[in-house]
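Here is a friendly briefing to read with the model open beside you. Take it one topic at a time, and find each residue as you go.

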Amino acid sequence: NNTTQSVSTATSSIDLNSAISPPQLTSTMTLGLNLSAAATAGSTFQSSLTTYTSLGESNTTTFTFVKQSAGVWNWGVSSSIAASTSSGTLTFDSTGSLVGSTQPVGGVAGTTDPSIVLTGFTSGAADQTINWDLFSALGTSNGDVTMYDGSSYVKTITQDGFGQGDLTNVLIDGDGFIQGTFSNGVVQNIAQLSIANFPSPWNLNRVGGTLWSETNASGAVINGLANAGGNGSIVGSTLEMSTVDMATEFSNMIQYQRAYQSSSKVITTADQMLQDAINLVR
């Protein structure tokens, strides 16, 4: 899951220790399955999926399908932590395609998505209505539920809820966004790094190591974002390379080497002169 979290534009320290992904309740689900056309009247088939409440609780929601007659199946829903009276009927044509849904059983038939209503959570979670996606906006089946020969079986299950997640990994992209991956599968932007610029950066004051401080000559700091306002990009998980001119530094090294050699020659010459003077006395 990818979500976008609102981030304040104020500049402040970034605390990743408090980063969490809040839960999201299940509001839509799909259940891809085949109900056996060969099943006899009264035959049952069950399928379960995990849904999530507004507090992030996992809830086992179970569908029970009962064959009524040729092309007609009733269904009902039960919950592991809530009450549910949701039920209905699915009607199929002679090709095994879903053509109608009635909710509740005995109600008016139509081609609108059924609603799964869950109430009475003991934790205090809000009552929940889950849309069971069966039909398109044009009122035709989306093909998830079929009635073909053979056994009844589940093909796919999807739902859009998830529980609370803890931070498991952090990446930084070129725009400076700190992107967090959470234990519930959510990936979202936590914060964005700010880049400091100065009107005259070469007049900053070195305060040790790679640290510099503002001076009157450098001008006041201008906070901005990566890849905006002339600022560069940010490269995460990378050590900064040296910014010195290698040709200049190499030339300086040669000069220092020559100066050292000259100095050593002076010392050697002086030593030789002293040695000669001692020899003359003898």
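Asparagine 227 is partly exposed, because its relative accessible area of 46% lies between the 20% and 50% cut-offs. This residue sits in the loop between strand E20 (222–224) and H1. Its phi is near 60°, a positive value in a residue other than glycine. Keep in mind that the model is predicted.

**Helix H1 and a surface patch**

- The helix that follows that loop in our tour is H1, which covers residues 246–281 and contains phenylalanine 250.
- On the surface, Phe250 joins Met253 and Ile254 in a nonpolar patch, and together they have about 290 Å² of accessible area.

**An open sheet of six strands**

- Look for six strands in the order E4-E5-E6-E7-E8-E9, which form an open sheet with antiparallel pairing.
- Its edge strands are E4 (44–52) and E9 (109–110), and each of them pairs on one side only.
- As a general point, strands of a sheet pair through backbone hydrogen bonds, either parallel or antiparallel.
- Inside this sheet, strand E5 (residues 58–69) and strand E6 (residues 72–79) run antiparallel and are joined by eight bridges.
- To see one such pairing, find valine 66, whose bridge partner in E6 is asparagine 74.
- Between strand E8 (98–102) and E9 there is a loop, and proline 104 belongs to it.
- The peptide bond from glutamine 103 to proline 104 is cis, with omega near -5°.

**Strands E14, E15 and E16**

- Which side chains of strand E15 (residues 177–182) point to the buried face? They are Ile178, Gly180 and Phe182, while Phe177, Gln179 and Thr181 point to the other face and are not buried.
- Strand E14 (residues 165–172) runs antiparallel to E15, and five bridges join the two.
- These two strands, E14 and E15, make a hairpin with four residues between them, and glycine 176 in the turn has a positive phi of about 90°.
- E15 also pairs with strand E16 (residues 187–192), again in the antiparallel sense and over five bridges.
- The hairpin of E15 and E16 has four residues between the strands, and here glycine 185 takes a positive phi near 90°.
- Isoleucine 178 is a handy landmark: isoleucine 172 stands opposite isoleucine 178, and alanine 191 in E16 is a bridge partner of isoleucine 178.

**Strands E10 and E11**

- Side chains alternate along strand E10 (residues 115–118) too: Ile116 and Leu118 point to one face and are buried, whereas Ser115 and Val117 point to the other and are not.
- E10 pairs with E11 in the antiparallel sense over four bridges.
- In this pairing, leucine 118 has glutamine 128 of E11 as its bridge partner.

**Aspartate 144, a buried charge**

- Aspartate 144 lies in the loop between strand E11 (128–132) and strand E12 (145–146).
- How far from aspartate 144 is the nearest side chain of opposite charge? That side chain belongs to lysine 155 and is 6.5 Å away.
- Aspartate 144 is buried yet has no salt bridge, because a salt bridge needs a side-chain nitrogen of Lys or Arg within 4 Å of a carboxyl oxygen.
- Apart from neighbours within four places in sequence, aspartate 144 is in contact with Thr30, Leu31, Gly32, Leu33, Asp133 and Lys155.

How values were computed
Residues are numbered from 1 along each chain as its sequence is written. This is a predicted model: local features need pLDDT of at least 70, side-chain atom pairs count only at pLDDT 80 or more; totals for chains, interfaces and linings use all residues. Side-chain values use heavy atoms; hydrogens and water are left out. Buried means under 20% relative accessible area, exposed over 50%, partly exposed in between (1.4 Å probe, protein chains only). Lys and Arg count as positive and Asp and Glu as negative; His and the chain ends are not counted. Contact means heavy atoms within 4.5 Å. Patches are made of residues with over 30% relative accessible area and no salt bridge: like charges are joined within 9 Å, nonpolar side chains (Val, Leu, Ile, Met, Phe, Trp, Tyr) within 5 Å. Accessible areas come from the Shrake-Rupley method with a 1.4 Å probe; for residues, only the protein chains shown count as cover. Two strands pair if DSSP finds at least two bridges between them.
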